[in-house]
Amino acid sequence: MTSAKTSVMTIVRTESLSRVYNPDTVPVHALRDVSIEIDEGEFTALRGPSGSGKTTLLNMIGGLDKPTEGKVFINDHEISNMKDGARIDFRLHNIGFVFQHYNLIPVFTAAENVAFIMMLQHRNKREIQERTDKLLRQVGLGDRQDARPAQLSGGQQQRVAVARALASEPRFILADEPTANLDTEAAMNLLDIMEKMNREQNITFVFSTHDQRVIDRARRVITMVDGAISQDETQHQS
Amino acid sequence: MTTYLKLAWRNIWRNRRRTLITVSAIVFAVLAAIVMQSMNRGSYEVMIDRMVSFTTGYLQIQDYRYDDETSLDNAFFYDEALREQVLAADSRIVRVVPRLETFMLAANDVSTRGSLVFGIDPDKEEAFNQISSYLVEGRFPGADEHMVVLGSGLADRLQLGVGDTLALIGQGRFGMSASGLFEITGLIEHPIRDMNNSVVFLPIRPAQELLSAEDHITGLLISIGQARQTNAVAAAVRQALDDDELMVFTWPELMPELLELMEMDLAVPRLLTLVLYVVIGFGFFGTVLTMTMERLREFGVLLSVGMKRAHLCGVLLVETLIISVMAVTAGILLSWGLLKLIDPIALSGDAAQAVEDMGFDPVIPMSFAPDQFFIQGLYVFLIALVVFLFPLVKILRLNILEAARS
């Protein structure tokens with residue numbers, strides 16, 4: 001293992017990022033002076049024990065939370081100082097999310113969940129239909145387009161979530177514990193899909209995870225302890 | 001837009017039972033409110049129609065002094081030109097009915113009673129209020145016959161009947177003595193009890209001769225299609241009249257006590273409707289509150305993936321409005337059907353007798369005035385908008401991370 005970086009273009013950059021919860025009562029330092037860069041095409045895992053700050057870091061990078069100090073840049077756009085509406089719009093066009101609990105819209109079918117993001121982007125109907133079809137086939141759910149989330153297994157739901165995250169053609173995808181609720185077969189299947197997209201389409205993935213199966217497949221592993229980065233290493237895949 | 005509508009529609013039916021209960025509660029409130037109001041208004045419409053057709057008319061033109069001093073001295077000149085002018089003022093005017101009204105003494109050969117004498121045009125009066133249907137004996141005289149019709153109460157008191165002679169004694173215009181003998185051609189059971197005990201009708205020309213008021217009347221009653229057109233037609237007639245001495249009054253101006261009585265009587269049903277809507281409003285709020293709180297995590301996700309807060313609020317507003325529209329539509333249709341089914345409710349026994357004694361048919365008629373349906377719908381929409389404030393504030397203040405953790 002080495003700590004060298006070999007990427008071409010930096011997509012995510014944080015500068016001295018700190019996040020303190022309850023600063024006026026009982027301050028909790030969730031992040032302490034975190035500076036990282038994530039390049040295009042990386043397949044990166046953030047690991048660490050509970051409370052180490054990996055989800056907080058993911059939320060900062062995703063523009064879901066604002067830092068107490070420091071800055072977050074996505075493609076040289078500082079999102080940490082954007083207003084709420086602008087950040088929502090920025091997320092829509094630049095960031096894909098995959099959540100631990102899938103978080104699909106329960107009243108929509110798999111296809112509608114994927115199409116919904118593109119509808120928010122005001123794309124035309126035909127393009128939405130074609131891309132939805134393509135994405136669901138890519139995640140192996142071409143034949144379950146009309147199924148609602150309740151009719152799908154956990155693994156299938158998470159694959160729909162990946163397709164949804166990809167729908168907006170984002171710069172990168174943030175996945176918060178994506179395999180935590182999946183059995184081994186479903187988890188490996190999901191990782192296969194994401195890895196394939198990463199290799200073939202150069203899509204950048206950043207995971208927060210405890211799951212050794214994810215860590216083993218990541219090419220870069222950032223370890224966090226007590227809100228700070230304790231280790232940043234690149235793994236060579238066999 | 002279609003996607004948002006689809007999302008709202010499906011969200012409503014996520015919990016079918018809860019939605020149906022909420023819709024049913026609102027339907028019940030709308031139904032109860034409309035039926036309650038329809039019964040009240042139906043009775044009042046009959047009462048108003050009866051009162052105005054036998055007393056003031058929906059509109060009445062008088063000399064400007066007559067309202068302060070009810071005297072024949074304040075009668076005004078009436079001819080065909082004025083009649084045409086008034087009829088031309090507004091297309092909603094159905095007819096105009098002249099009356100000459102005064103107090104006189106009515107007497108037989110031994111006793112005297114105070115009486116309210118109406119000089120009327122029998123044909124126009126008949127078209128206006130179908131007065132001949134209240135005849136219990138005899139007939140109405142022709143336009144030029146020097147004959148009278150008495151209220152049966154007055155006839156009883158004077159112990160007179162058809163074919164007998166009535167003496168009228170009083171004062172005509174500008175202090176002229178007025179007295180005459182008139183054959184009684186008919187008796188009517190006047191629907192207004194006080195008038196039944198005092199009224200004397202005689203054709204307007206003999207009345208004008210008797211009272212030295214040739215070509216003069218005290219009031220020109222205006223009949224219109226619907227009571228709610230009163231103010232609009234009054235404005236049109238006021239504009240059309242180019243005589244400063246003539247004034248146009250509406251029936252509430254001429255009978256304010258009737259309006260006040262009705263308003264007082266309506267206070268209880270209005271209070272009941274208010275209580276009903278407050279209760280239903282809380283039920284509606286409970287549904288929207290649950291629909292909001294159980295989906296906070298989902299809202300957080302939608303905002304995370306790029307849905308604008310305003311659009312999310314829009315979806316929730318549409319959900320609230322769809323529930324309202326379904327409930328209001330069903331409530332209006334059901335109440336319409338129910339009203340058609342029960343209209344009019346026939347009274348029996350003592351209740352029927354009491355109503356008949358007051359001069360009304362022993363039924364409770366229903367009103368089908370369109371505004372009572374729309375107004376109930378409007379109330380529900382207002383409640384929906386108030387209820388919607390909760391999800392609106394919740395979404396505008398929603399912390400995405402807290403929502404995602406909920």
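These questions and replies concern a predicted model with chains A and B.

Me: What makes chain B more spread out than a compact globule?
Reply: Set its radius of gyration against the globule rule. Chain B has 15 helices and 14 strands. Its radius of gyration is 30 Å, and the rule gives 22 Å for 406 residues. The value is well over the rule, so chain B is more spread out than a compact globule. The box around its C-alpha atoms is roughly 100 × 55 × 30 Å along the principal axes.

Me: How do you know whether chain A agrees with a compact globule or not?
Reply: Use the radius of gyration again. A compact globule of 238 residues would come near 18 Å. Chain A has 18 Å, so the value agrees. Its C-alpha atoms fill a box of roughly 50 × 45 × 35 Å. The chain holds 7 helices and 11 strands.

Me: What share of each chain is called buried?
Reply: The cut-off is 20 or more other C-beta atoms within 10 Å. In chain B, 40% of the 406 residues count as buried. In chain A, the figure is 47% of the 238 residues.

Me: How far apart are the centres of domain 1 and domain 2 of chain B?
Reply: Taken over C-alpha atoms, 48 Å separate them. The assignment gives domain 1 as 2–50 + 258–405 and domain 2 as 65–243.

Me: Why are H2(B) and H12(B) called oblique to each other?
Reply: Helix H2 spans residues 16–56 of chain B, and helix H12 spans residues 309–342. Their axes cross at roughly 40 degrees and come within 8 Å. Angles under 35 degrees would count as roughly parallel, and roughly perpendicular runs from 65 to 115. The crossing angle fits neither class, and H2(B) and H12(B) are therefore oblique. The crossing is right-handed.

Me: Which residues meet where H2(B) and H12(B) pack?
Reply: From H2(B) they include Val23(B), Ile26(B), Val30(B) and Ser38(B). From H12(B) they include Met326(B), Ala330(B), Gly331(B) and Leu338(B).

Me: What describes the packing of H10(B) and H14(B)?
Reply: Two packed helices are described by an angle and a distance between their axes. Here the angle is about 35 degrees and the axes lie 9 Å apart. Helix H10 covers residues 256–293 of chain B, and helix H14 covers residues 370–396. H10(B) passes H14(B) in a right-handed crossing. The residues that meet include Tyr277(B), Phe284(B) and Phe285(B) in H10(B). Among those in H14(B) are Tyr379(B), Phe390(B) and Pro391(B).

Methods: Residues numbered from 1 in each chain as written. Chains lettered and ligands numbered in written order. Predicted model: local features only at pLDDT ≥ 70, side-chain atom pairs only at ≥ 80, totals over all residues. Helix = DSSP H or I, 4+ residues; strand = E, 2+ residues; numbered from the N terminus. Rg over C-alpha atoms; globule rule 2.2 N^0.38 Å. Buried ≥ 20, exposed ≤ 12 C-beta atoms within 10 Å, placed from the backbone. Domains from an automatic or database assignment. Axes fitted to C-alpha atoms, helices over the stretch in contact; angles between N-to-C directions. Parallel < 35°, antiparallel > 145°, perpendicular 65-115°, else oblique. Left-handed = near helix turned anticlockwise from the far one by under 90°. Contact = placed C-beta atoms within 7 Å.
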